[in-house]
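Q: Please take a close look at one part of this model and describe how its elements are paired and how far they are covered. State the cut-off behind each term once, and afterwards set that part beside the rest of the chain.

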Amino acid sequence: MKSAILKITLGLKITLGVTLLVAGPALAQSPAAGKAPLVLAQKANQQLTPEQRKALQLKRQRARQAVQQKRQKARQQQQRANQQKRKAAPKRLAPSQANRAREAAKKKAANRKLTPQQKLQLQKRRQQQRLQAKQKLQKQRQQQRLKTKQANDSQKALRQRKLERLQKQRQQDRKELQTDRAEKRDRLQKLRQRNRAIEERKQDRLQADRSKARADLARRRQVQRRQTQVNNQKYRQLQARRKTLRREIKPKRNAQQRLAKRNAILKRQNNWLKNQRRRNNRNSFRDFRFHERAKVVKRRNNRVIYTALAAGALVGAAATTAYFIHHNDDRRLDWRARDYYSEDLRNGWTRSIVVRPDGSRVVTVRDSSGFIVRRYRAYPNNRVTVLFDNRPSWWDEGDIDVEVEPVRYRGPRDRYIVEPSHASVETVYETITAEPVAEVGRYYTLNQILVNNDLRGYMPRIDLDTITFALGSDEIPVEQIDKLEEIGAAMEEAIKENPDEVFLIEGHTDATGDKIDNLDLSDRRASSVADALTEYFEIPPENLVTQGYGEQFLKVDTEGPESRNRRVAIRRITPLLAKENDQISLDSDGNELFDKN
């Protein structure tokens with residue numbers, strides 16, 4: 001394509017050249033001679049295709065660029081050559097200096113040719129010229145001074161205007177600052193006034209609160225004085241009531257009959273004890289094995305629930321309990337304690353000692369599992385009375401599962417199961433001090449009594465129908481505490497007659513809810529009644545044993561909620577307990593001695 005364009009362009013140029021040669025002289029003489037080449041070029045361009053025109057324009061543009069580059073290179077070479085010539089040429093005088101020199105030379109040459117008159121005229125003319133030059137110079141200087149003065153005046157005026165503007169700005173700034181300070185003072189004053197008002201309101205409220213507090217305190221003190229008076233009156237009434245109850249109890253009545261019956265029971269029990277030929281293991285550090293046969297069902301706080309401890313308990317609950325709950329009652333024993341401490345014995349056994357204000361000590365010995373081995377009271381003269389003993393001299397590991405014939409009571413039922421709401425205080429006292437309703441020919445440990453319902457049935461019981469527990473609760477309502485007066489007075493007289501009496505407090509629930517939870521709830525109900533008897537009626541806690549039985553022994557046979565099943569029962573178990581006071585040996589410090597085996 002490019003070769004074709006070049007051929008066409010070359011042909012056009014040749015045609016144009018021949019035409020100019022032939023018609024050159026004629027065209028030069030004609031007026032349109034200068035326009036002929038342009039017309040021919042335009043005609044030649046009109047004969048080209050668009051692509052050829054573009055190629056031709058590109059070629060012309062490249063040619064122009066080449067010409068410009070050559071001119072620029074020639075210009076740069078000429079500049080470099082001129083610079084080199086200037087550097088090599090000698091220094092010349094400035095044109096003004098050269099002119100002055102030439103004029104001076106001409107003047108000197110002219111002066112030499114002038115006559116005296118001409119010289120005089122020349123001098124006068126020169127003097128006039130100097131004077132004119134001087135005047136002109138003075139005039140220029142005056143003008144210069146005037147201009148300088150005008151410039152200074154204008155600068156001074158400008159500075160004055162700037163100073164005035166600055167002063168005005170400063171005055172305005174001072175005014176604004178004063179205004180801001182005044183506003184700040186006003187705001188601060190208002191803030192102080194508001195703070196003062198707030199503080200005054202606070203003081204007023206504080207004063208009002210203090211006045212209200214003083215009025216409330218005076219009102220509370222007045223209520224307390226009234227309550228103290230009412231309490232004193234109630235206390236006097238209670239004391240009078242207790243005196244009345246003590247007079248109604250008449251402990252000396254039938255005392256000889258009770259003593260004779262008690263002696264007969266003791267004689268039979270002592271004969272049975274003599275006939276026992278077992279090895280004396282009571283002073284050795286061996287744990288109870290019966291609880292190892294049972295499985296731990298649940299642990300909660302200081303309570304552990306086992307499956308039946310006795311072998312026959314899994315058959316049914318007619319003779320023994322299906323579940324057994326064990327708890328640590330050391331918390332109750334620190335009532336009015338002068339001192340309380342615990343000692344570690346061998347094989348994981350412990351001995352806790354509570355010192356009473358009279359100097360007597362209540363000692364509880366436990367095995368490594370927390371089961372009570374024995375509890376006894378040691379007096380300052382080292383006299384020992386055993387409250388109950390779970391490891392007497394005749395003890396055998398299998399003796400907890402004891403066979404006892406169910407009791408057949410043929411007397412009045414209201415004397416076997418006594419309800420305080422339907423019985424007199426004398427009847428309650430007789431039940432609290434009652435002997436077994438059938439012949440008991442031997443002793444039993446506390447654990448045997450706790451797990452055997454038939455064995456407990458030998459002793460009459462008191463069902464506290466005057467205490468009503470809410471569903472799922474172990475708290476005794478405050479208004480029902482006074483209803484324990486008859487029980488408290490009867491137990492107080494019984495313990496005064498025999499300080500070694502032991503009473504079992506049984507807790508029961510209805511059949512609603514889980515059996516395990518009911519067993520725990522019943523045990524807590526029994527502990528609540530024991531705490532109330534100790535706190536309000538001063539029954540020593542070591543004379544009370546608590547045990548929960550859950551829903552195993554319902555008073556009303558129903559599966560639904562029944563308030564009569566949510567009860568607590570109390571019975572005397574002293575005649576059934578094994579007590580061997582002569583088997584405990586104390587050292588010089590009053591501590592029990594154990595064998596080293």
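A: Residue I305 stands opposite I325 of strand β3, where a strand is a DSSP run of E with at least two residues and a helix is a DSSP run of H or I with at least four, both numbered from the N terminus. The model is a predicted one, in which local features need pLDDT of at least 70 and side-chain atom pairs count only at pLDDT 80 or more, whereas totals for chains, interfaces and linings use all residues. Residues are numbered from 1 along each chain as its sequence is written, and side-chain values rest on heavy atoms, with hydrogens and water left out.

The two strands concerned, β2 (residues 303-307) and β3, run antiparallel and are joined by five bridges; two strands are said to pair if DSSP finds at least two bridges between them. They belong to an open, antiparallel sheet of three strands in the order β1-β2-β3, and its edge strands are β1 (296-300) and β3, each of which pairs on one side only. Direction ignored, neighbouring strands of this sheet are turned by 15° against each other on average, an angle between axes that are lines fitted to C-alpha atoms (for helices over the stretch in contact), taken from 0 to 180 degrees between N-to-C directions. On the other side of β2, four bridges join this strand to β1, again with the two running antiparallel, and R299 has V304 of β2 as its bridge partner. As for burial, four of the five residues of β3 (residues 323-327) are buried, so this strand is largely enclosed by the rest of the structure; buried means under 20% relative accessible area, exposed means over 50%, and partly exposed lies in between, with a 1.4 Å probe and protein chains only.

Further along the chain, R332 has its place in helix α8 (residues 330-333) and is buried, with a relative accessible area of 6%. When its neighbours within four places in sequence are left aside, R332 is in contact with A530, D531, P541, L544 and T546, contact meaning heavy atoms within 4.5 Å.

A second open sheet, with five strands, has the order β4-β5-β6-β7-β8 and antiparallel pairing. Its edge strands, pairing on one side only, are β4 (339-344) and β8 (384-389), and for its neighbouring strands the average turn against each other is 15°, direction ignored. Within this sheet β7 is mostly covered, since seven of its seven residues are buried. Strand β6 (residues 361-366) is joined to β7 by six bridges in the antiparallel sense, and V365 stands opposite R374 in β7. These two strands, β6 and β7, form a hairpin with five residues between them, and G370 in its turn has a positive phi of about 95°. Strand β7 (residues 372-378) also pairs with β8, in the antiparallel sense and over five bridges; the bridge partner of Y376 in β8 is V386, and that of R377 is T385. Here too β7 and β8 form a hairpin with five residues between them, with N382 in the turn at a positive phi of about 65°.

Among the helices, the axes of α10 (residues 425-432) and α13 (residues 485-497) come within 9 Å and cross at roughly 45°. That crossing makes α10 oblique to α13, the class left for angles that are not under 35 degrees (roughly parallel), over 145 (roughly antiparallel) or 65 to 115 (roughly perpendicular). On the α10 side the contact is made by V425, V428, Y429 and I432, and on the α13 side by E486, I487, A490, M491, E493, A494 and E497. These contact residues divide into eight nonpolar, no polar and three charged; Ala, Val, Leu, Ile, Met, Phe, Trp, Tyr, Cys and Pro count as nonpolar, Asp, Glu, Lys and Arg as charged, and the others, Gly among them, as polar. Helix α10 is itself mostly covered, with seven of its eight residues buried, namely V425, E426, T427, V428, Y429, T431 and I432.

For the protein as a whole, there are 14 helices and 13 strands, and buried residues make up 36% of the 597 residues. Of the contacts with a separation of 6 or more, 69% are between residues 24 or more positions apart.
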